[in-house]
Amino acid sequence: MVAKAVKTQPVQPEWAAELDLALTDLDARKDDWAQTSNGERIALLRQVKDHIREVAEAWVKKRDAQEGHPDRLAAGR
């Protein structure tokens, strides 16, 4: 008896649908971005930078915990 190959769909992580929606939204607004002035772009990018600074330390701590590393931020590394 020969086994038949069963084709299955890959399981997407929970965040995949949210990411797809965000990418669809970005694509829909690409023309708006093209019309954005340099000053507006700079202001938006500064906001992004500020928000990343707010969460970056937590990202590092979470990664370190997942990888089993000691708290490298506390050690000054």
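Author: A polar contact is a pair of N or O atoms within 3.5 Å, in which one atom must be able to donate a hydrogen and the other to accept it. The model discussed here is predicted, and the side chain of Thr36 reaches the backbone oxygen of Asp32 at 3.0 Å, so this pair falls within the limit of 3.5 Å and is counted as a polar contact.

Reader: Where is the place of Thr36, and why does Thr36 count as buried?

Author: Thr36 is placed in the loop between helix H2, which covers 30–34, and H3. Its relative accessibility is 17%, and because buried means under 20%, Thr36 belongs in that class.

Reader: What makes the meeting of the side chains of Asp27 and Lys30 a salt bridge?

Author: The distance from N to O is 3.0 Å, and because the criterion asks for a side-chain nitrogen of Lys or Arg within 4 Å of a carboxyl oxygen of Asp or Glu, the pair of Asp27 and Lys30 satisfies it. Asp27 has a relative accessible area of 45% and Lys30 one of 48%; since partly exposed lies between 20% and 50%, both residues are called partly exposed. Side chains of opposite charge can pair when their charged atoms come close.

Reader: How do you know that Glu57 forms a salt bridge with Lys61, and how many residues apart do Glu57 and Lys61 lie in helix H3?

Author: The closest N and O atoms of Glu57 and Lys61 are 3.3 Å apart, which is within 4 Å, so the pair is a salt bridge. Both residues lie in helix H3 and are four residues apart, about one turn of the helix. Glu57, at 46% relative accessibility, counts as partly exposed, and Lys61 does too, at 37%.

Reader: What makes the contact between the side chains of Asp64 and Arg63 a salt bridge, and is Asp64 buried or exposed?

Author: The N to O distance between Asp64 and Arg63 is 2.9 Å, which is within 4 Å, and therefore the pair is a salt bridge. The side chain of Asp64 also makes a polar contact with the side chain of Arg63 at 2.9 Å, a value within 3.5 Å; although these residues are adjacent in sequence, the contact counts because both atoms are side-chain atoms. Asp64, whose place is in helix H3, has a relative accessible area of 2%, and because that is under 20% it is called buried, whereas Arg63, at 35%, counts as partly exposed. The structure holds four salt bridges, including those of Asp27 with Lys30, Glu57 with Lys61 and Asp64 with Arg63.

Reader: Which residues make the nonpolar surface patch, and why can Val48 be part of it?

Author: The patch, of about 470 Å², is made by Leu45, Val48, Ile52, Val55 and Trp59. Val48 lies in helix H3, residues 38–67, and its relative accessible area of 44% is over the 30% that a patch residue needs, so it meets that condition while still being classed as partly exposed.

Reader: How is the span of H3 judged against the one expected, and where is the kink in H3 centred?

Author: H3 has 30 residues and reaches 40 Å from its first C-alpha to its last, close to the 44 Å expected at 1.5 Å a residue. The kink, of about 40°, is centred on Val55, one of the residues of the nonpolar patch. Just after H3, Gly68 takes a positive phi of about 75°.

Reader: How many helices and strands does the protein chain have, and what do buried residues make up in it?

Author: The chain has three helices and zero strands, its elements running α-α-α from the N terminus on. Buried residues make up 4% of its 77 residues, and the chain exposes about 7600 Å², with carbon and sulfur atoms supplying 57% of that area.

Notes
Residues are numbered from 1 along each chain as its sequence is written. This is a predicted model: local features need pLDDT of at least 70, side-chain atom pairs count only at pLDDT 80 or more; totals for chains, interfaces and linings use all residues. Side-chain values use heavy atoms; hydrogens and water are left out. Patches are made of residues with over 30% relative accessible area and no salt bridge: like charges are joined within 9 Å, nonpolar side chains (Val, Leu, Ile, Met, Phe, Trp, Tyr) within 5 Å. Accessible areas come from the Shrake-Rupley method with a 1.4 Å probe; for residues, only the protein chains shown count as cover. Helices (H or I, at least four residues) and strands (E, at least two) are DSSP runs, numbered from the N terminus. Buried means under 20% relative accessible area, exposed over 50%, partly exposed in between (1.4 Å probe, protein chains only). The expected span of a helix is 1.5 Å times one less than its number of residues. The bend at a residue is the angle between axes fitted to the seven residues ending there and the seven starting there.
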